Amino acid sequence: MPATLTTPTPTPRPTRTRTGLLTAVAVLLIALNLRLGMSSAAALLDALRADLGFSPLVAALLPTLPSLCFAAAGAGTGALARRLGAERTVLAAVVALTAGLAARAVPATWALLAGTVLGMSGLALCNVLLPTLVRTHFPERVGLLTGLYTTTLALGATLASAVAVPVAGAVGSPSLGLAVWALPALVATGVWAARTGIRTGIRTPGAAPAPTPTPGERISPWAMARTRLGALVTAYFGLQALNAYAITGWLPSLLSGHGMSEGAAGVVLAVAQAVGIPVSFAVLALAKGPAGLRWAFAGVSTAMLAGFAGLLVAPMALPLVWAVLVGLGLCSFPLVLAVIARSGSGPAQTTTLSTLSQSLGYLLAALGPLAVGLLHSATGGWTAPMALLLATAAAQLVVGIALTRGRP
């Protein structure tokens, strides 16, 4: 009897590639939204104040709220991620972001502040967990994915800074102009929900279950804070965030105060944020080795120092040059994120370092926009605020050199 030939049953194509692609797209969409709401608020700050009539104290508080929310909400990210899983926590975060941005459509100061707190708290969770997600899902491509999502983040910041004023004019009010940015956040929410498989509780076929850290993986952030790495990364993260949020929150007002139109000041801010789009990849490529990492940290911090010096001495002489230098300085953000993502023995330590550096770092960073606003209100000028930022930029340079010294 002849042997029976059986045709092998075709195996379904592995879903790992498709799932990985969807994960990457979802991460980039979330990153795109991480600065839209903040940059648009900075560009519209003077218009919001004129329309809503809030006090100088509220004007100083508004650019400070994101950092405060990042510090407060970021501190609880690790516990929430252990309870829900990192992916479900990110889903809850982008839902909060979308709701917060939409709430700012109400033309009232309380709605502006409440929506900012809700939306920025969602951002805080995403900020802490994105490095962990990158390390978990793309362990061999940490540098590439970090570069992609920080570049996308910069693209979102640039877009919002450049078009916030004309968009607000088109929809009829600065409050509605802020709420427009809830739409891309809603898209990111939908894509991430598809990735996590949470649609009325049903997991998408082929999607990997959300990674949930076990109790044994818990690492105390305070133990990490006592290490040299934890202390220096936290100090550097806080200083770069302080400088970044202070200058992006107040640069349009500084330039408007020297006679530049609001629209043109928004464009200058957009230039500062756009510089990081092509430069981040070059900086991260340079930072692959220890020597390159030292040069990268020194270079971006020196650029920030030079840009602040120009804005202090002659802000209207070469505003685009100062903006480019500041933009180079803003590349310190992807650099320190890459250090966080590559540090530790696994995702649990990465999450701990990220939680520590971002919660305490953003608490320090909150002082920047608030101090700049209060100093400007007290002195009626920009010399004292920019002198303060010049000092913090110098401190950032010193800490960056210390962080990279002796690093393997």
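Reader: Why is H376 called partly exposed?
Author: Its relative accessible area is 23%. Buried means under 20%, exposed over 50%, and partly exposed in between, with a 1.4 Å probe and protein chains only. The value 23% falls in between, so H376 is partly exposed. H376 is found in helix 20, residues 367-379. Its C-alpha is separated by 9.6 Å from that of M386, 10 residues apart along the chain.

Reader: What kind of model is this, and which pLDDT does it need?
Author: This is a predicted model, in which local features need pLDDT of at least 70 and side-chain atom pairs count only at pLDDT 80 or more, while totals for chains, interfaces and linings use all residues. Residues are numbered from 1 along each chain as its sequence is written, and side-chain values use heavy atoms, with hydrogens and water left out.

Reader: What makes G238 buried?
Author: Its relative accessible area is 0%. That is under the cut-off, so G238 is buried. G238 has its place in helix 13. Helices here are DSSP runs of H or I with at least four residues, strands are E runs of at least two, and both are numbered from the N terminus. G238 and G361 are 123 residues apart in sequence, yet their C-alpha atoms are 3.6 Å apart in space.

Reader: How do you know that G329 is buried?
Author: G329 also comes out at a relative accessible area of 0%. G329 is found in helix 17, residues 319-329. From C-alpha to C-alpha, G329 and Q273 are 9.9 Å apart, with their positions 56 residues apart in sequence.

Reader: Why is helix 18 said to be largely enclosed?
Author: Of its 11 residues, 10 are buried, so the rest of the structure largely encloses helix 18. Among them are S332, F333, P334 and L335.

Reader: Why is the pair of Y245 and Y362 called tilted?
Author: By the ring rule the count comes to five aromatic pairs. In this one the ring centres are 5.8 Å apart and the planes stand at 45 degrees, so the pair is tilted. The rule takes rings of Phe, Tyr and Trp (its six-membered ring) with centres within 6.5 Å; planes under 30 degrees apart are stacked, over 60 edge-to-face, and the rest tilted.

Reader: Which parts does that pair tie together?
Author: Y245 lies in helix 13 and Y362 in helix 19 (residues 347-365), so the pair ties together parts that are 117 residues apart in sequence. Y245 and Y362 are both buried. Ring pairs also link F237, Y245, F333 and Y362 into a cluster.

Reader: How do you know that the charged end of R35 sits over the ring of F333?
Author: The charged end of R35 is 5.4 Å from the ring centre of F333. The rule asks for NZ of Lys or CZ of Arg within 6 Å of the ring centre and within 35 degrees of the ring normal. R35 over F333 meets that rule.

Reader: What makes a space count as a cavity, and how many cavities are there?
Author: On a 1 Å grid over the protein atoms alone, a cavity is a set of points where a 1.4 Å probe fits but cannot get out. The structure holds four cavities of 30 Å³ or more. The largest has a volume of about 480 Å³. Volume here is the space filled by probe spheres set on the points, which are joined across faces, edges and corners.

Reader: Which residues line the largest cavity?
Author: Its lining has 33 residues, each with an atom within 4 Å of a point. R35, A244, Y245, T248 and Q273 lie nearest its centre. Helix 13 gives the largest share, six residues. By class there are 21 nonpolar, 10 polar and two charged residues. Nonpolar covers Ala, Val, Leu, Ile, Met, Phe, Trp, Tyr, Cys and Pro; Asp, Glu, Lys and Arg are charged; the others, Gly among them, are polar.

Reader: How far does helix 11 reach, and what is expected?
Author: Helix 11 (residues 182-196) has 15 residues and reaches 21 Å from its first C-alpha to its last. The expected span is 1.5 Å times one less than the number of residues. That gives 21 Å, and the reach is close to it. Just after helix 11, G197 takes a positive phi of about 75 degrees.

Key. 1 Å grid on protein atoms, 1.4 Å probe; cavity = no way out; pocket = protein on both sides within 12 Å on 5 of 7 lines; lining within 4 Å.
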